[in-house]
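Please look through the model shown here with attention to how its helices pack, where space is left between them, and where the backbone departs from the usual pattern.

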Amino acid sequence: MITFFIALAVLILGYFVYGKLVEKVFGIDPQRPTPATTMADGVDYVPMKPWRIFLIQFLNIAGVGPIIGAIMGAQFGTASFLWIVFGSIFAGAVHDYLAGMISLRDKGASLPEIHGTYLGNGAKQIMRAFTIILMILVGVVFVNTPATLLNANFTQGWNPYIWIIIILVYYLIATLLPIDKLIGKIYPIFGILLLGMAVAIFVAFLIYKPEIPELWSGMQNRHPDATNNPIFPMMFISIACGAISGFHATQSPLMARCMVNEKQGRPIFYGAMITEGVVALIWAAAAAYFFGPNSVVDVTGKSGAAIVGVIANTWFTPVIATITILGVISAAVTSGDTALRSARLIIADFMHYDQKPIKNRLIVAVPMFVVTAAILVYSISDAKGFQVIWRYFAWANQVLATVTLWAISVYLAKNKGKLWYLITLIPALFMTMVTGCFLFVAKAADGGLGSILPRPVGYGIGAAITVLGLVLFILFLKKQKNCFIKKS
């Protein structure tokens, strides 16, 4: 367990050291008015207390990502610990903080609007459609998962559509209501519950002292199907929300519209991501024990959601185990509704459609929910439907993070200079390689072309895409420099 405690310490240290550096690079202005005070509308632009915003942001970005994703990522071995730690500090938290702060400076702009400002109008139009599709997929995933868990653990024998309808109706209500009426009141409670689950597992570590793999034992791929699941890029797609996730940047504008001071940015955006990294690390460490040879329960072939139940029922009393499972369900539900709320705001932003009247919110939301329901029917009716949706959701999520990192790199190059853009350019290049390679290395069953391409060719194509991205960025810098010289 020494590796686990070192990793935990590094994550916490990262917030105070690297987080402070990133805040300095951005250059906060505590006296600058925020959209919550200059554009208050009582619906989406609503000032809230910083501790409440932090808990909502944490719950929104977490969902079941740092639980299910971390559990499945732990199959790859101790390399998963390194990705959670360094991915959170140098990629995920930087991505979340700067996306949130840029939105804060731009009237709480939605993510595609930020893409358009720094990557061009063409990118904005593409990312509007791409982000809305991703938000709907998030909604689908986070209806299906809690509905399945509720049915399996509490209402066996029910028609699964009963829970799906109940959750969808709740999502519609949460999407339409002013943010402080439902989300602002009860989500901090669920955020505390999600943290409490992680603390309970941490206490279980101290009591049971499970044998968790150490880094010095080797970082070999321990995945049961390692041949078809190389660590790079598969692990970096599996562990998304626990290290870096494009979905996070769609949630940051929601909270940017509620902040009253730029000083709140580091704890709310950078801090929430580091907290999520801590949660992911704890669940990954727990799963690593159950995947190991000394596990008291055989989890071979079990899904991530099923392993949550195994961990809870093995280490906790029945009451605490039930609370843990309910906590995972609430984490899923409370990310699905904010995803669809983000989609409503993105659509409203590009249509310039005032969202203060409830009628206007319904006009935007209802067609979106019809599409979500249709995809849900497919995911339930087809045995492999949900697996396909999850794969494309995971890949699209990382693509969105990659595009956002490129947009932030352009922002830093234009506004900060002194090579500070490297703090996002390096993660952007890495994630471009990850997402590019996934398409050409992953097998057809996982949504890639690896079944028809030799693996070296797949890696070569991924590398070529990455080099192309770097060349385009260098050309952009050169163009910016020439424009500056002409103006001078």
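Helices here are DSSP runs of H or I that span at least four residues, and they are numbered from the N terminus. The model is a predicted one, and the description below moves from its pockets and cavities to its helix pairs and then to two details of the backbone.

The second largest pocket encloses about 530 Å³ of space. Of the 17 residues that line this pocket, those closest to its centre are T402, V403, W406, T432 and G469. Three helices, α16 (385-415), α17 (422-441) and α18 (455-487), each supply at least two residues of the lining. By class, the lining of the second largest pocket comprises twelve nonpolar and five polar residues, with no charged residue among them.

Turning from open to enclosed space, the structure holds one cavity of 30 Å³ or more, and the largest cavity has a volume of about 60 Å³. Its lining is made up of S110, L111, T250, P253, L254, R257, S342, L345 and I346, and both α11 (246-256) and α14 (318-351) supply at least two residues of that lining each. The residues around the largest cavity divide into five nonpolar, three polar and one charged.

Two packed helices are described by the angle between their axes and by the distance between the axes. Helix α14, which contributes to the lining of the largest cavity, also takes part in two of the helix pairs considered here. With helix α13 (residues 304-315), the axis of α14 comes within 8 Å and crosses at roughly 155°. Angles over 145 degrees count as roughly antiparallel, and α13 and α14 are therefore roughly antiparallel to each other. Their crossing is right-handed. In this pair, V308, G309, A312 and N313 of α13 meet A321, T324, I325 and V328 of α14, a contact whose residues divide into five nonpolar, three polar and no charged.

The second partner of α14 is helix α7 (residues 121-153), and here too the axes come within 8 Å and cross at roughly 155°. The helices α7 and α14 are therefore roughly antiparallel to each other. The crossing of α7 and α14 is left-handed, whereas that of α13 and α14 is right-handed. By class, the contact of α7 with α14 has 19 nonpolar, six polar and one charged residues.

How do the axes of α1 and α5 cross, and within what distance do they come? The axes of helix α1 (residues 2-26) and helix α5 (residues 79-105) come within 10 Å and cross at roughly 25°. Because angles under 35 degrees count as roughly parallel, α1 and α5 are therefore described as roughly parallel to each other. The crossing of this pair is right-handed. On the α1 side, the residues in contact are T3, A7, V10, L11, G14, Y18, V22, E23 and F26, and they meet F81, I84, V85, S88, I89, F90, V94, Y97, L98, M101, I102 and R105 of α5. By class, this contact has 16 nonpolar, three polar and two charged residues.

Two details of the backbone remain. Most residues other than glycine have a negative phi, and most peptide bonds are trans. K107, although it is not a glycine, has a positive phi of about 60°, and K107 is found in the loop between α5 and α6 (111-119). The peptide bond from F232 to P233 is cis, with omega near 10°, and P233 has its place in helix α10 (residues 231-238).

Methods:
Residues are numbered from 1 along each chain as its sequence is written. This is a predicted model: local features need pLDDT of at least 70, side-chain atom pairs count only at pLDDT 80 or more; totals for chains, interfaces and linings use all residues. Side-chain values use heavy atoms; hydrogens and water are left out. Axes are lines fitted to C-alpha atoms, for helices over the stretch in contact, and angles run from 0 to 180 degrees between N-to-C directions. Angles under 35 degrees count as roughly parallel, over 145 as roughly antiparallel, 65 to 115 as roughly perpendicular and the rest as oblique. A crossing is left-handed if the near helix is turned anticlockwise from the far one by less than a right angle, and right-handed if clockwise. Contact means heavy atoms within 4.5 Å. Ala, Val, Leu, Ile, Met, Phe, Trp, Tyr, Cys and Pro count as nonpolar, Asp, Glu, Lys and Arg as charged, and the others, Gly among them, as polar. On a 1 Å grid over the protein atoms alone, a cavity is a set of points where a 1.4 Å probe fits but cannot get out, and a pocket is an open set with protein on both sides within 12 Å along at least five of seven lines; lining residues have an atom within 4 Å of a point. Grid points are joined across faces, edges and corners, and a volume is the space filled by probe spheres set on the points.
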